[in-house]
Structures are given as C-alpha cells and as structure tokens.
Amino acid sequence: MKTLNTTPRADGFHMPAEWAPQTQVWMLWPERLDNWRLGGKPAQAAHVAVAKAIARFEPVTVGVSAGQYENASAQLDMPNIRVVEISNDDAWVRDTGPTFVINDSGEVRGVHWGFNSWGGFEGGLYAPWNRDEQVAAKVLEMERCQRYRTEGFVLEGGSIHVDGEGTLITTEECLLNHNRNPHLNREQIEAILRDQLAVDTIVGCPRACTTTKPTGMWTTSVVTFARAKCYWPGLMIRKTPTTHAAAPPWRCCKASAMPRAVNSWCTRCLSRARCTLPKRSAPGSIWWPAARSATRRYAWPVPT
C-alpha cells in the first residue's frame, strides 16, 4: 500500500454519494462483551442477517478477529461473502474504516482518518483503541488502494454525509468537540474536509436530535441525503425526533435550529434544480430496563 503526500482534491478525487455504484460492502464482526449483550450473540445474528441480505446484490467482506474467525465463517458461509481476519476493537467499520474516494475514471483510493474511540480519554467508549486505528490501513492494503493519511486529525466516517456534488453535512457537536481535535478551529477543520473529500459547501448542524452516545451526535440523526430521481442533484430528508417522557427535552428543542442551516443549503440547490426537504419521523427511542443495562456501560438493542 502506497501512502500519498498529496490530497484527494489535488489529485482529482472526491467522496461519492452513498447511492453511487459500488463494488462491495465492508463489515466488522461484533464481539466486545462490554458493548454487546449476551456475549455478542444477538448482535452477531443481526450482522449475519444484514450481510446475507446485502450479499444477494453485491459482495460483502467481513473482518473478524482470530478468536471469532471460525464462528463467523460458519455463520457467513455464503458464496458472495468473504471472511477475512482483521484484529479490531469493535465492529463500527463505518467509523474506523477508510473513506473511499474516486476520480472521473473510476480509480478508487482511501482516506485514513485518525480514530480515538469517539473521544479518547474524555468520554470515549473504550481503551485502548490502537487496533481500530489500524483497520483503515488493513482494508486499503487488502483492496490494493493507495492511501491518504490525515495524521493528527480525528474523524469518524459516520459523522459526515455528502451528496457527491460538493456539499457535506455534519454536526458541530461532533467535529468541533474538544475531545476530537482540540488543536484545530472551525476554519482549519473545514479546510481539511475540503481537501480530503473535495467538497465546497459545508453545512454544520448545531446538534443532533438525540444523544447518540457514544458516537457523539451523528449528523444522520438529523438529516440525510437521498437520491430521489436521476435528474435531481440531491434530496435532503429532515428527521423529526420522537420524544419520550424521560428524554432530555433540550435534545429535541436544540434541533429546531437545524432547518435554517438545511434550508440555506436548499436555496443553493434550488437555484440549479428541484430539491425538496420533506420531514420523516425518526425511529423512537428504545429504553432498556435497569436490570438489563446495569452490568453494561452501553447496551445496544438488536432486532430479533
């Protein structure tokens, strides 16, 4: 794997939208006992179901630790699924894996961001996280992709969302958090995003609708891009939070500032094509019984 000293923008590469054509999907196998209940078995069953559903349409690669390799291989025994051994600290490959970028000729490279477990020693989920730091490099090595490395800059892949045409949305609550890049200000962070993803417009949502701990208030809890019809440059769907009697009320109220930022983006979008901002209700919160979550720092509900 070759590490480049240039930037994707300088080399004519950009981050594509999620609906752009792709060759495969990467996943990581869950097993942490302090994150996944019942030894991770319900989470593993959910991952198997997702992997097999995707594999009906495109190849899937699942990274698995050495200790879980035999177990995962047995459950993922399907022609379109590849199981590879990759040591990791947890299964959040959207955050720890590389951000793939492409050019007009279809060449694929990867951006390897820094990762500190969503906050390091100031609110992060676990320590150490050194194996997660290595995931992006290992994925790019296996895919024979050249790498851009952002030394000293922490970013989780799930904290950003692009339309593939120059616009990025994120939450200020995540990227401007002091436990990510305290040595950088807003302008410096935006400059890095523009160089590494080849975007021009950055919409910073003030807050997420709900506390997406530990990921640090992802933008997709507020708004997301969607491709409605081929002649639309972009469609943004704003999510309306579902309240709960026990939920912190400010979490939903603060999100009221979000439409102003999104609508300013739509003004630019509408000047070149038809763009709408429909509301969609976000899934309601799932509240764990105290007895179930008492022995877990974070308990993640998994559909059964």
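In the predicted model, residue A198, which comes just after helix α6, takes a positive phi of about 60 degrees. The helix that ends there has 12 residues and reaches 16 Å from its first C-alpha to its last, a span close to the 16 Å expected at 1.5 Å a residue. At the opposite, N-terminal end, α6 is capped by N185, a side-chain oxygen of which lies 3.2 Å from the backbone nitrogen of E187. Within α6, the residues I189, L193, Q196 and L197 are buried. These four cover an arc of only 80 degrees around the axis, and therefore lie on the same side of α6. An α-helix has 3.6 residues a turn, so residues three or four places apart point the same way. Helix α6 also carries a salt bridge, in which the side chains of R194 and E190 meet with an N to O distance of 3.5 Å. R194 and E190 are four residues apart in this helix, which is about one turn, and R194 counts as partly exposed because its relative accessibility is 27%, between the limits of 20% and 50%.

Helix α6 also takes part in the packing of nonpolar residues. The largest nonpolar core has 19 residues, of which L155, I160, L168, L193 and L197 touch the most other members. At least two residues of this core come from each of β6, β7, β8 and α6, and α6 gives the most, with three residues. For L155, the contacts beyond four places in sequence are with D95, W113, G114, I160, L175 and L193. Apart from this core lies another, of 13 residues, which includes M27, W29, A55 and V60.

L197 is also one of the contacts of T99, a residue whose other partners, when neighbours within four places in sequence are left aside, are M15, R109, G110, V111 and W113. T99 is placed in strand β5, which spans residues 99-102, and T99 counts as buried because its relative accessibility of 7% is under 20%. With W113, the side chain of T99 makes a polar contact of 2.7 Å.

A further buried polar residue is found in the loop between β6 (108-114) and α4, where N116 lies. The relative accessible area of N116 is 10%, and N116 is therefore buried. A polar atom of the N116 side chain lies 3.0 Å from the backbone nitrogen of G119. Not counting residues up to four places away in sequence, N116 touches W129, V154, E156, N179 and R180.

Two of these partners of N116, E156 and R180, are themselves joined by a salt bridge, their closest N and O atoms being 2.8 Å apart. This pair links distant parts of the chain, since E156 is in the loop between β7 and β8 (160-162) and R180 is in the loop between α5 (172-175) and α6 (186-197), 24 residues apart. Both ends of the bridge are buried, with a relative accessible area of 1% for E156 and a relative accessibility of 6% for R180.

A salt bridge with partly exposed ends is formed by R149 and E133, whose closest N and O atoms are 3.3 Å apart. R149 lies in strand β7 (residues 147-154) and E133 in helix α4 (residues 130-142), so that the pair ties together parts that are 16 residues apart in sequence. The relative accessible area is 22% for R149 and 23% for E133, and each residue is therefore classed as partly exposed. Salt bridges also link D11, E107 and R109 in a network, and the structure as a whole holds 11 salt bridges.

For the protein chain overall, the secondary structure comes to nine helices and 13 strands. Of the 304 residues in the chain, 50% are buried. Among contacts between residues at least 6 apart in sequence, 71% join residues that are at least 24 apart.

Terms used. Residues numbered from 1 in each chain as written. Predicted model: local features only at pLDDT ≥ 70, side-chain atom pairs only at ≥ 80, totals over all residues. Heavy atoms only, no water. Salt bridge = Lys/Arg side-chain N within 4 Å of Asp/Glu carboxyl O. Buried < 20%, exposed > 50% of the residue type's maximum accessible area, 1.4 Å probe, protein only. Expected span 1.5 Å × (residues − 1). Arc of directions from axis to C-beta. Polar contact = N/O pair within 3.5 Å; in protein donor to acceptor, adjacent residues only side chain to side chain. Contact = heavy atoms within 4.5 Å. Core = buried A, V, L, I, M, F, W, Y, C linked by side-chain atoms within 4.5 Å.
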